[in-house]
Amino acid sequence: MREATRLPVAPRPFRDELLSSWVARVACRYGLEARDLTQCLAERGSDKLPPFDDITPNQDQIRQWARACRIDPMRLQRLSLAYRHSKRAQLWLLERIGSPMPVCFSCFDDDCAADRDSYIRADWVLAEYFVCPVHRQMLRDRCPSCDGHLYVSYRMRDGRARPVCRKCDDRLTGAYSGHTLPGIPK
Ligand SMILES: [Zn+2]
Ligand SMILES: [Zn+2]
């Protein structure tokens, strides 16, 4: 039987982070996309695994990732949307899962200024979220460089995970956006 893979370096998840964002941040430490590292951690011979489910993650995947990253599986479980919003009808959550990811570029810039990894906030996938409550800006679901639907990947820059457009690889930053909503007091 193969020894369970343990990763020498794995960032901890942020409390308000989307589970798949944490997985992608870990993978980018190894120059991989989340799906590739997920497959590496899977038992040998297993079929191609689906991507991590942010709503109700597969428990085997949770256990594999917890073991590989030396982290309490419950801590990962608490990142799932089903755990965060246990009283909510799931259809309400589902609208944006698997769709282009709406994000706030200024939140990414704040992460940069705070010298931490950038990460996707779990609330951004909620169907009723259109405006970042911190920056009073519309969430964006198109890449400002290639105008494609936005799917976020991470790349390591100066020791931190920074978000890029999966399609054109351009860095995602608030320097592009001027979408502060008029008339909304700070
Ligand atoms: Zn923001
Ligand atoms: Zn792009």
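This is a short group-meeting talk about one protein chain and its two zinc sites.

Okay, hi everyone. Before anything else: what you see on the screen is a predicted model, so please keep that in mind while I talk.

Let's begin with the whole chain. It has 186 residues, and 43% of them are buried. In terms of secondary structure, we get seven helices and four strands. And the order is easy to remember: reading along the sequence, the pattern is α-α-α-α-α-α-α-β-β-β-β. Now take the contacts between residues at least 6 apart in sequence: 61% of those join residues at least 24 apart.

Next, a pair of helices. How do helix 2 and helix 3 pack? Helix 2 covers residues 34–41, helix 3 covers residues 59–69, and they meet at an angle of about 90 degrees with their axes 10 Å apart. Angles from 65 to 115 degrees count as roughly perpendicular, so that is what we call helix 2 relative to helix 3. If you want to find the contact on screen, look for Leu37, Thr38 and Leu41 on the helix 2 side, and Gln61, Gln64, Trp65 and Ala68 on the helix 3 side. Sorted by character, the residues of this contact are four nonpolar, three polar and no charged.

Now the metals. I'll take the zinc ion called ligand 1 to start with. Which residues hold it? Its protein donors are Cys104, Cys107 and Cys132, each through SG, plus His135 through ND1, and they lie 2.1 to 2.4 Å from the zinc ion. The angles among the four donor atoms run from 106 to 114 degrees, and the site is tetrahedral. For comparison, the ideal angle for four tetrahedral donors is 109.5 degrees. Along the chain, the donors of ligand 1 are spaced as C-x2-C-x24-C-x2-H. Look at where two of them come from: cysteine 104 is in the loop between helix 6 and helix 7, while histidine 135 is in the loop between strand 1 and strand 2, so this pair links distant parts of the chain, 31 residues apart. Both cysteine 104 and histidine 135 are buried.

Just along from that histidine, there's a small oddity. Arginine 136, in the loop between strand 1 and strand 2, has a positive phi of about 55 degrees, and it is not a glycine. That catches the eye because most residues other than glycine have a negative phi. Arginine 136 is partly exposed, at 26% relative accessibility.

On to the zinc ion called ligand 2. Here the coordination comes from Cys143, Cys146, Cys165 and Cys168, through their SG atoms, at 2.3 to 2.4 Å. Why is this arrangement called tetrahedral? The four donor atoms subtend angles of 106 to 118 degrees, and the rule asks for all angles between 85 and 135 degrees. The spacing along the chain for ligand 2 is C-x2-C-x18-C-x2-C. Cysteine 143 sits in the loop between strand 2 and strand 3, and cysteine 165 belongs to strand 4, so the pair ties together parts that are 22 residues apart in sequence. Are these two buried or exposed? Cysteine 143 is buried at 2% relative accessible area, and cysteine 165 is buried too, at 0%.

One last residue: aspartate 169, in the segment after strand 4. Aspartate 169 also has a positive phi, about 70 degrees, without being a glycine. Its relative accessible area is 37%, so aspartate 169 counts as partly exposed.

That's it from me, thanks!

Conventions: Residues numbered from 1 in each chain as written. Chains lettered and ligands numbered in written order. Predicted model: local features only at pLDDT ≥ 70, side-chain atom pairs only at ≥ 80, totals over all residues. Heavy atoms only, no water. Donors = N, O, S within 2.8 Å, 3.2 Å for Na, K, Ca; no water. Tetrahedral: all angles 85-135°; square planar, octahedral: opposite > 155°, others 65-115°. Helix = DSSP H or I, 4+ residues; strand = E, 2+ residues; numbered from the N terminus. Buried < 20%, exposed > 50% of the residue type's maximum accessible area, 1.4 Å probe, protein only. Axes fitted to C-alpha atoms, helices over the stretch in contact; angles between N-to-C directions. Parallel < 35°, antiparallel > 145°, perpendicular 65-115°, else oblique. Contact = heavy atoms within 4.5 Å. Nonpolar A, V, L, I, M, F, W, Y, C, P; charged D, E, K, R; others polar.
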